[in-house]
Amino acid sequence: PRNRVLTISEIQHFWMACDSLSPSMSRIFKLILVTGQRPGEVAGMKWIEIKQDIWEIPAERSKNHKSNKVPLSKLAKQILAEVALINAEQKRRSRKDGENAKEYYDRFVFPSGRRDQSVQWLG
């Protein structure tokens with residue numbers, strides 16, 4: 001077990017550093033911080049797993065192979081709302097450019113550049 005936690009100063013620095021990343025990556029790292037969940041679990045998040053104030057990580061996606069219910073704070077929900085707007089814009093652009101967006105942007109919170117999957121490298 002680890003006993004190390006981030007100091008307030010470290011959290012502030014981390015948060016500001018996130019703002020220098022791409023919009024999606026910034027929000028992934030911020031959600032990791034505010035939910036306390038593993039990077040791969042956040043990166044693989046699906047919209048269907050989110051029910052109002054709870055994010056239920058299914059057993060098949062968790063490290064310990066047990067489902068996990070994560071309460072979503074007001075800040076976490078705000079970040080998810082921002083991601084939804086980004087995804088809606090990307091979906092709109094994909095259709096405009098003639099791409100078949102499918103449910104790609106509707107399925108994954110953080111879709112990758114490859115169709116029909118989430119961001120993988122954080123797992």
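1. Let's start with Glu-41, which sits in helix α3, spanning residues 39-43. The model is a predicted one, so please read every value below as computed from that prediction. Glu-41 has a relative accessibility of 4% and therefore counts as buried, the cut-off being under 20%.

2. What does Glu-41 touch once residues up to four places away in sequence are set aside? The partners are Trp-55, Ile-57, Arg-61, Ser-62 and Lys-63. With Lys-63 there is also a polar contact: the Glu-41 side chain reaches the backbone nitrogen of that residue at 3.4 Å. It is worth displaying this pair with the backbone of Lys-63 switched on, since the nitrogen involved is a backbone atom.

3. Next door in the numbering is Gly-40, also part of helix α3. Is Gly-40 buried or partly exposed? Its relative accessible area is 28%, so Gly-40 falls in the partly exposed class, between the 20% and 50% limits. Gly-40 also has a distant partner in sequence to look at: Ser-62 is 22 residues away along the chain, while the two C-alpha atoms are 8.7 Å apart in space. Ser-62 has already appeared above, among the residues that Glu-41 touches.

4. Now to the sheet. Three strands form an open sheet in the order β1-β2-β3, and the pairing is antiparallel. The edges are taken by β1 (50-51) and β3 (68-71); each has a single partner strand, so one side of each is left without a neighbour in the sheet.

5. A closer look at β1 and β2 may help you here. Strand β2 covers residues 54-57, and two bridges join this strand to β1 in an antiparallel arrangement. Across from Ile-54 of β2 you will find Lys-51. Two of the Glu-41 contacts named earlier, Trp-55 and Ile-57, have numbers that fall within the 54-57 range of β2.

6. My last stop is Arg-27 in helix α2, which covers residues 23-35. Arg-27 counts as buried because its relative accessibility is 19%, and the class requires a value under 20%.

7. Which residues does Arg-27 contact, leaving aside neighbours within four places in sequence? They are Ile-79, Glu-82, Val-83, Ile-86 and Phe-110. Among them, Glu-82 makes a side-chain to side-chain polar contact with Arg-27, at 2.9 Å. For a backbone view of the same region, try Leu-80: its C-alpha is 8.1 Å from that of Arg-27, with their positions 53 residues apart in sequence.

Notes:
Residues numbered from 1 in each chain as written. Predicted model: local features only at pLDDT ≥ 70, side-chain atom pairs only at ≥ 80, totals over all residues. Heavy atoms only, no water. Helix = DSSP H or I, 4+ residues; strand = E, 2+ residues; numbered from the N terminus. Buried < 20%, exposed > 50% of the residue type's maximum accessible area, 1.4 Å probe, protein only. Contact = heavy atoms within 4.5 Å. Polar contact = N/O pair within 3.5 Å; in protein donor to acceptor, adjacent residues only side chain to side chain. Pairing = 2+ DSSP bridges.
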